[in-house]
Amino acid sequence: MTKRAPTMAVAAGCLLLACAGGTARAAGDSVIIGLLDDLSGPTADLSGKGKVVAAQMAIDDFGGSVLGKPVKLLASDHQNKPEIASTQAREWYDRDGVDMITGMSNSAVALAVRAIARERGKVDVIAGGTADSLVGADCSPTGILWTATARAIAGTTAAVVSQTEKSWFMLTVDYSGGKSLEAAAVEVLKSKGATVAGIARHPFNTADFSSFLLQAQSSGAKVLALSNTGNDTLTALKQANEFGIRESGMSIVGLYFDTTQIRALEDAAVKGLIYTSSFFWNRDAQATAWAKRFMDQRGALPSQSQAATYSSVLHYLKAVKAAGTTDSAKVIAEMRRIPVEDPVTGKGWIREDGRVMYDMYVMKAKPREAMTGPLDVVELVKTVPADEAFGPVSTECHLKS
Amino acid sequence: MTSQIGAETGVEAGVRAPAGTGARTPLLVGAGLLLAVAAPFALYPVFLMKVLCFALFACAFNLLIGFAGLMSFGHAAFFGTAAYVAAHAAKAWALPPELAVLAATLVAAALGLVFGAIAIRRQGIYFAMITLALSQMIYFLALQLPFTHGEDGIQAVPRGMLFGVIDLMDPLAMYYSVLAVFLAGFALVWRAVNSPFGQVLKAIRENEPRAISLGYRTERYKLLAFVLSAALAGLAGATKALVFQLASLTDVTWQMSGEVVLMTLLGGMGTLFGPVVGAALVVTLESYLAATSLPVPVVIGCIFVVCVLVFRRGIVGELLARWPK
């Protein structure tokens, strides 16, 4: 066996060379936007696949070219692995002439790409990751965060609901994403004089919430706050319905919930759920028309991060046009200078720490009999102005500018 | 160093193999090395480094399953722990890269000693399940301990200056350092397999009661193989943390343990170069399919099914079996 081993070394080497399919693309004759997202994993539907549609919509709406060069969209599946994302981001920036990377629906991926982009002075516009440090310790002179952070989403819900409800119970998924949602909400609750009657931590992907729900019921709290995401939130809502949480006088808020998830649940489980979103497709006629267009192309309604992707690509192209170049520093300067204005975000601006500032919407899921069409699923509780929702610039963000 | 080992094995192989092949060996080793040295000029260095890290990881795993017959389903624990330790040491303690990697490898070896002492008391599926359970404990720790930063991972790890003189931020310097680490690890596996120790491991794999009856204290051999494998997996994980400048939960999940099994089986279990080929194949697919519209896990799954149905010995195993004598 051993005598053939060296032959195999050569074979392995040849295989490596043969597999090098990704030939260098000539940069300079087009403006290339890279979309790095989950295209095959658990969040592919809620983020990645729809983001490809949204990003292409933005390019088409812009006219398909800028500075006389065609705009190209490259999409890559990060498979929720930071090292795959990191390899792809390096290759895109270093070799393939990608001018801007967007997407990154995973905080670990977003942080990894942010580090690479900052090192190279390249543009990254995150429309997916929600880690607070992206506009804190990990902020970057060439980085922009389009999606709302955990602090903004959970904090806004807590601030609005705590005006009437003073006793809360937190049901938190036991990892840092859940804990940061919980911490953001608790901080706001304390400052508003509300009390936290109890906290239950559940493992990721829990199938049985019964003991946690009983704890919540016996705590005497008036609000059950779900500091979890995805399937955990859906399961918790279904089981909360079976346990009659609402009948016992508690209301339920989702600290991280997306409007597109409403239809995935039965009416009794979701009606009355209060949550905060960065995108409200019934905000005005333009937003509704955009959501309809998206639905025609994708066959599903747009999630917040998909809407953010559209907005980020469109704003980037506007900035390239205004700057007259794809040079990162100049484009970023333009992105901060010109106001954000499109059907998705409405009106907004980009703050010096890279935070995109826009209004946030506290919403309440409608009961099914009150819904009149596929786009009519929520009622607006309150529009929270950007400054109030996102708070001041973090003291941990140090930008040399 | 490598040529010396090549010569030694050439002599050993010559005893068992027909004459004439021995002369070819140094030539082929040289060609393989030349290819590895030239590769970064044709291919993207970070991609190659990833292949090398996973190849070393798969070799470490193969040492256990291919030569000692121990199917561990918890190797991600060593890989991931070492990645976290190396990343933390380089970032928070500002250790130079060589010390960070060394510390991480030692931690992985120590962890291997603990896991091994518990797991080798059982065989087959029980062994696999014990290693899986233990590695899930490590996963839980990685998720909960504050220094790992949960699912955000340890990011922006500095690569630092190797021995205080070589700047690893230079892609080529980093590549050749990783290549050196890989070759050293691979040489160790090669030496271990082609030593009396390796022969005893194979004897245990084939028939443990007979090895015991011949007077070998098999549990010691198995434990040593386990620790060696854990240390090498740790070396691979620590190197990977420096290459990508991050350590994340991906490295400690059970899927990572599964991935290394997949690499080894695809390449050829129990062959020296099988894991290298398997790792190169899987990493290449993950990288290059990512930019296509094909769902990566489905494609890799299909390839695995085909492998199990059609060429069960893996790519290298099948080539070796069909190679003209």
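**Reading a predicted two-chain model, feature by feature**

Me: A:Asp77 is found in strand β3 of chain A. Is A:Asp77 buried or exposed?

Reply: Bear in mind that this is a predicted model. The general idea is to count the other C-beta atoms within 10 Å of the residue's own, 20 or more making it buried. A:Asp77 has 29 such neighbours and is therefore buried.

Me: Which residues does A:Asp77 touch, once those up to four places away in sequence are left out?

Reply: Within its own chain A:Asp77 touches A:Asp38, A:Leu39 and A:Ser40, and from chain B it meets B:Ala290 and B:Val296. A further pair can be read by setting separation along the chain beside separation in space: A:Asp77 and A:Ala44 are 33 residues apart in sequence, while their C-alpha atoms are separated by 9.2 Å.

Me: How should I read the sheet to which β3 belongs, and in what order do the strands of chain A lie?

Reply: Begin with the order of the strands, then look at the direction of pairing, and finally find the edges. Here six strands of chain A form an open sheet, ordered β2-β3-β1-β4-β5-β6, with mixed pairing. The edges are taken by β2 (65-66) and β6 (143-145), each of which pairs on one side only. Further in, strand β1 (residues 31-37) and strand β3 (residues 69-77) run parallel and are joined by seven bridges; A:Leu36 stands opposite A:Ser76 in β3(A).

Me: Which strands make up the open sheet of three in chain A, and how are they paired?

Reply: The order is β12-β13-β14, and the pairing is antiparallel. The edge strands, β12 (340-342) and β14 (356-357), each have a single partner strand, so one side of each has no neighbour in the sheet. Between β12(A) and β13(A) there are three bridges, with A:Asp342 and A:Gly346 as bridge partners, and the hairpin that joins these two strands passes through three residues. Strand β13 (residues 346-350) is in turn joined to β14(A) by two bridges, and here A:Ile350 has A:Val356 as its partner. The hairpin of β13(A) and β14(A) has five residues between the strands, and within this hairpin A:Gly354 takes a positive phi near 90°.

Me: Where does A:Met104 lie, and what is its phi?

Reply: A:Met104 lies in the loop between β4 (98-103) and α4 (107-120) of chain A, and its phi is positive, about 70°, although A:Met104 is not a glycine. With 33 C-beta neighbours inside 10 Å, A:Met104 counts as buried. In chain B, B:Ala156 also has a positive phi, of about 50°, without being a glycine; its place is in the loop between α6 (124-144) and β1 (161-162), and because B:Ala156 has 17 C-beta neighbours inside 10 Å, it counts as partly exposed.

Me: Is A:Ser133, in the loop between β5 (123-126) and β6 of chain A, buried or exposed?

Reply: A:Ser133 is buried, with 21 other C-beta atoms within 10 Å. Its C-alpha atom is 9.6 Å from that of A:Ser107, although 26 residues separate the two in sequence.

Me: How many residues of helix α5(A) are buried?

Reply: All 12 of the 12 are buried, so the helix is largely enclosed by the rest of the structure; among them are A:Arg151, A:Thr156 and A:Val161. The length can be checked too: at 1.5 Å a residue, the 12 residues of α5 (residues 150-161) should span 16 Å, and the end C-alpha atoms are 17 Å apart, which agrees.

Me: At what angle do helix α3 of chain A and helix α3 of chain B pack?

Reply: Two packed helices are described by the angle between their axes and the distance between the axes. In this case α3 (residues 82-94) of chain A and α3 (residues 45-67) of chain B pack at about 155°, with axes 9 Å apart. The two helices are therefore roughly antiparallel to each other, since an angle over 145 degrees counts as such.

Me: Which residues meet where α3(A) and α3(B) pack?

Reply: From α3(A) come A:Glu83, A:Thr87 and A:Arg90, and from α3(B) come B:Val46, B:Phe47 and B:Lys50. By character the residues of this contact are two nonpolar, one polar and three charged. As background, an α-helix has 3.6 residues a turn, so residues three or four places apart point the same way.

How values were computed
Residues numbered from 1 in each chain as written. Chains lettered and ligands numbered in written order. Predicted model: local features only at pLDDT ≥ 70, side-chain atom pairs only at ≥ 80, totals over all residues. Helix = DSSP H or I, 4+ residues; strand = E, 2+ residues; numbered from the N terminus. Expected span 1.5 Å × (residues − 1). Pairing = 2+ DSSP bridges. Axes fitted to C-alpha atoms, helices over the stretch in contact; angles between N-to-C directions. Parallel < 35°, antiparallel > 145°, perpendicular 65-115°, else oblique. Contact = placed C-beta atoms within 7 Å. Nonpolar A, V, L, I, M, F, W, Y, C, P; charged D, E, K, R; others polar.
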